[in-house]
Amino acid sequence: MSFDGKVAIVTGAASGIGLATAKRLARDGARVAIWDLNEAGAAAAADDIRQAGGQAIASRVDVSRRDQVDAAVQQAHTQFGAIGILVNNAGITLFRSFMEMDEETWDKVISVNLKSMLVCTQAVLPDMLQAKWGRVINVSSSSAQTGSAQMSCYAASKGGVIAFTKALAQEVASSGITVNNVPPGFVDTPMLRGSPIGSVVDQVAAASPMKRAGRPEDMAAAIAFLASEDAGYITGHTLSVNGGRYSN
Ligand SMILES: NC(=O)c1ccc[n+]([C@@H]2O[C@H](COP(=O)([O-])OP(=O)(O)OC[C@H]3O[C@@H](n4cnc5c(N)ncnc54)[C@H](O)[C@@H]3O)[C@@H](O)[C@H]2O)c1
């Protein structure tokens, strides 16, 4: 796949799926802006990409904060040019019984996982509308497809991501911009390892259809496809990448 001449932003790219995606897009020629709350991790990711011969810049960005997002888009635009690809990947997970959920925690998860779609996507759409070309790929979750106990808030936020994807896809389809989402299912990242099932990843993997957990690179490959020219007639789609754990 070639992304020569394209500028991509990948959020949450200091770790896991975002890191693999940033490396994949850069390997295939994109100039990549690495955004993350984790400033040192973002800088290290950009260093890795540059050492491998790619082009990357790093910014500390909270994706739920419009002021930070707008400033980072400006920086990417100035250094690399118009933004053509946005991967809305940053997210936080939460396992908690519904009756123990408080409003502050609910608002925080919705803000990072769902409001980020508003502020990040609005910030790059002017470039895409002007170019009459754009790719927005949102990372949702299989928990929004299947439901998942102890994850009502997280699943609600990711269900919102899927619905947002479908709605925006229709709104911008005639402008050459596609909007799709990829729901990971059981991908071996620091997020999964830090979750309540983190201590039994190998057992759960052994019981799954492919007898392994997903790899961040599995997700990156699907995201890269949706970002490519070849995927130009695909929009509003949910591309499940879960090793057969769930079929939709
Ligand atoms: N790993 C899985 O099995 C799995 C399953 C379903 C969905 N997901 C989703 O995939 C995406 C990536 O998850 P991952 O497993 O790679 O997790 P991860 O924790 O390894 O990486 C997430 C990154 O997002 C960053 N981040 C968190 N809040 C942020 C904010 N407000 N602003 C900017 N950056 C922020 C973190 O610092 C981290 O570097 C998330 O949206 C997650 O919900 C993952």
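Which helices each supply at least two residues of the shell around the ligand? Two names to note: α1, residues 16-27, and α7, residues 190-193. Keep in mind that this is a predicted model.

Let's stay with the ligand for a moment. It is surrounded by 31 residues. Gly12, Gly16, Gly91, Thr189 and Met191 are the closest. What is the make-up of that shell, by nonpolar, polar and charged residues? The count is 15 nonpolar, 14 polar and 2 charged.

Now to strand β5. This strand covers residues 134-139. It is mostly covered, with 6 of its 6 residues buried. Look at where the residues point. Gly134, Val136 and Asn138 go one way from β5. Arg135, Ile137 and Val139 go the other way. Both sets are buried. As a general matter, side chains in a regular strand alternate between the two faces of the sheet.

Next, the neighbours of β5. Which strands do bridges join to β5? Start with β4, residues 85-88. β4 and β5 run parallel, joined by 4 bridges. Find Val87, and its bridge partner in β5 is Ile137.

Then take β6, residues 177-182. Here 6 bridges make the link to β5, and again the strands run parallel. Val136 has Val179 as its bridge partner in β6.

One last item, back on the β4 side. Helix α4 spans residues 103-131. Together, β4, α4 and β5 make a β-α-β unit. Is that unit right-handed or left-handed? It is right-handed.

To recap β5: it is buried at 6 of 6 residues, bridged to β4 and bridged to β6.

Key: Residues are numbered from 1 along each chain as its sequence is written. This is a predicted model: local features need pLDDT of at least 70, side-chain atom pairs count only at pLDDT 80 or more; totals for chains, interfaces and linings use all residues. A residue is near a molecule or strand if its C-beta atom, placed from the backbone, lies within 6 Å of it. Ala, Val, Leu, Ile, Met, Phe, Trp, Tyr, Cys and Pro count as nonpolar, Asp, Glu, Lys and Arg as charged, and the others, Gly among them, as polar. A residue is buried if 20 or more other C-beta atoms lie within 10 Å of its own, exposed if 12 or fewer, and partly exposed in between; C-beta atoms are placed from the backbone. Two strands pair if DSSP finds at least two bridges between them. A crossover is right-handed if, with the strands pointing away from the viewer, the path from the first strand over the helix to the second runs clockwise.
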